[in-house]
Amino acid sequence: MKNKKEAVVVFSGGQDSTTCLVWATKIYEKVYAVSFDYGQRHKKELECAAQIAEELGVEHTVLNLSELNRLAPNSLTRDEIEVEKEKPEDGPPNTFVEGRNLLFLTYAAIFAKTHGVTDVITGVSQSDFSGYPDCRDTFIKSLNTTLNLAMEYDFCLITPLMWIDKEETWELADSLGAFDLVREKTLTCYNGVLGDGCGECPACKLRRRGLERYLARREEK
């Protein structure tokens, strides 16, 4: 039986997915959080995800995708490859893990169907997608159609952050009463530093710019 009162959230324990998780708990009667262990260098994010899920009273499942580490070597799956501090002019950065969101959403959809759930939520954003092709709206829509056809099931891939940037994501977290939770307990940093992060990797810089812009605007009110 399909249940529109429940949802599955693809959950890394970072800023975006935590904001989406909190958002989902305000809308759905029951929320499942699904995380993935793919041998990421910032594996501490899984500890953060578990702690946040427990704090929010959300059932949390970690799925093993270790083969992704072997198939897609890059700076997030190999300690010996240094994380680029700036996005290259052409092509995705070396933090792009080939096929990651494709696999995450496919596995999350399988999990959802076996639990009778149609709604799968992910924190991807085309506004601040860092050059990752699998964060684009066209990809999400295409995959949604493919999943429906592959499993003969009416999945709905939901992207609350698709058309907002990091500044607006901070604003959303604040409006949900989760500003401190997101700022202090999430892990966005590619180098595995909690909260405000290392300050040097692209993820930290993007997060910090959005935070500073939002705080400046909030102080003006």
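**Exercise 1. The cysteines**

Task: In this predicted model, work out whether Cys 135 counts as buried or exposed, then do the same for Cys 156.

Solution. Start with Cys 135: its relative accessibility is 9%. Buried means under 20%, so Cys 135 counts as buried. Now take Cys 156, which comes out at 29%. That value falls between the 20% and 50% cut-offs, so Cys 156 counts as partly exposed. As for its place in the fold, Cys 156 belongs to strand S5, residues 156-158. From its C-alpha to that of Ile 140 the distance is 9.9 Å, with the two positions 16 residues apart along the chain.

How many disulfides are there? Look for cysteine sulfur atoms within 2.5 Å of each other; the count is zero.

**Exercise 2. The order of the elements**

Task: Find how many helices and strands the chain has, and write down their order from the N terminus.

Solution. Count first: you should get eight helices and five strands. Then walk along from the N terminus, and the pattern reads β-α-β-α-β-α-α-β-α-β-α-α-α. Next, see how the chain packs. Of its 221 residues, 51% count as buried. Take the contacts with a separation of 6 or more: 71% of them join residues 24 or more positions apart. Finish with the outside: the accessible surface is about 10,600 Å², and carbon and sulfur atoms hold 49% of that.

**Exercise 3. Two cores**

Task: Find which residues of the largest nonpolar core touch the most other members, and which element gives the largest share.

Solution. The largest nonpolar core has 35 residues, and the ones touching the most other members are Val 8, Val 10, Leu 105, Val 120, Ile 140, Leu 147 and Phe 155. Next, ask where the core gets its residues. Two or more come from each of strand S1 (3-10), strand S2 (30-37), helix H4 (100-114), strand S4 (117-121), helix H5 (137-151) and H8. H4 gives the largest share, with six residues.

Now zoom in on Leu 105. Skip residues up to four places away in sequence, and Leu 105 touches Val 10, Val 120, Thr 122, Phe 139, Ile 140, Leu 143 and Leu 147. Apart from the largest core there's another one, with 28 residues, including Val 22, Ala 49, Leu 176 and Leu 211.

**Exercise 4. Rings and charges**

Task: Count the aromatic pairs in the whole structure, then sort out the pairs made by Phe 179.

Solution. The search turns up six aromatic pairs. For Trp 170 and Phe 179, the ring centres are 5.5 Å apart and the planes meet at 55 degrees, so call this pair tilted. Both of these residues are buried. Phe 179 also pairs with Tyr 214, with 6.3 Å between the centres and 50 degrees between the planes, which is tilted again. Phe 179 sits in helix H7 (residues 179-185) and Tyr 214 in helix H8 (residues 202-220), so this pair ties together parts 35 residues apart in sequence. Tyr 214 is buried, as is Phe 179.

Don't leave Phe 179 yet: the charged end of Arg 218 sits over its ring, 4.8 Å from the centre. Elsewhere, Lys 30 has its charged end over the ring of Tyr 32, 4.8 Å from that ring's centre. To round off the rings, Phe 36, Tyr 38 and Phe 104 make up one aromatic cluster.

**Exercise 5. A loop residue and a strand residue**

Task: Say where Glu 152 is placed and what its phi is near, then list what Ile 158 is in contact with.

Solution. Glu 152 is in the loop between H5 and S5. Its phi is near 50 degrees, a positive value in a residue other than glycine. With 72% relative accessibility, Glu 152 counts as exposed.

Move on to Ile 158, which is part of strand S5. Its relative accessible area is 17%, so Ile 158 is buried. Set aside neighbours within four places in sequence, and Ile 158 is in contact with Trp 23, Tyr 28, Asp 119, Val 120, Ile 121 and Thr 122. Check Ile 121 in that list: its C-alpha is 4.7 Å from that of Ile 158, though the two are 37 residues apart in sequence.

Terms used:
Residues are numbered from 1 along each chain as its sequence is written. This is a predicted model: local features need pLDDT of at least 70, side-chain atom pairs count only at pLDDT 80 or more; totals for chains, interfaces and linings use all residues. Side-chain values use heavy atoms; hydrogens and water are left out. Rings of Phe, Tyr and Trp (its six-membered ring) pair if their centres lie within 6.5 Å; planes under 30 degrees apart count as stacked, over 60 as edge-to-face and the rest as tilted. Buried means under 20% relative accessible area, exposed over 50%, partly exposed in between (1.4 Å probe, protein chains only). Helices (H or I, at least four residues) and strands (E, at least two) are DSSP runs, numbered from the N terminus. A charge sits over a ring if NZ of Lys or CZ of Arg is within 6 Å of the ring centre and within 35 degrees of the ring normal. Contact means heavy atoms within 4.5 Å. Accessible areas come from the Shrake-Rupley method with a 1.4 Å probe; for residues, only the protein chains shown count as cover. A nonpolar core is a set of buried Ala, Val, Leu, Ile, Met, Phe, Trp, Tyr and Cys residues joined through side-chain atoms within 4.5 Å.
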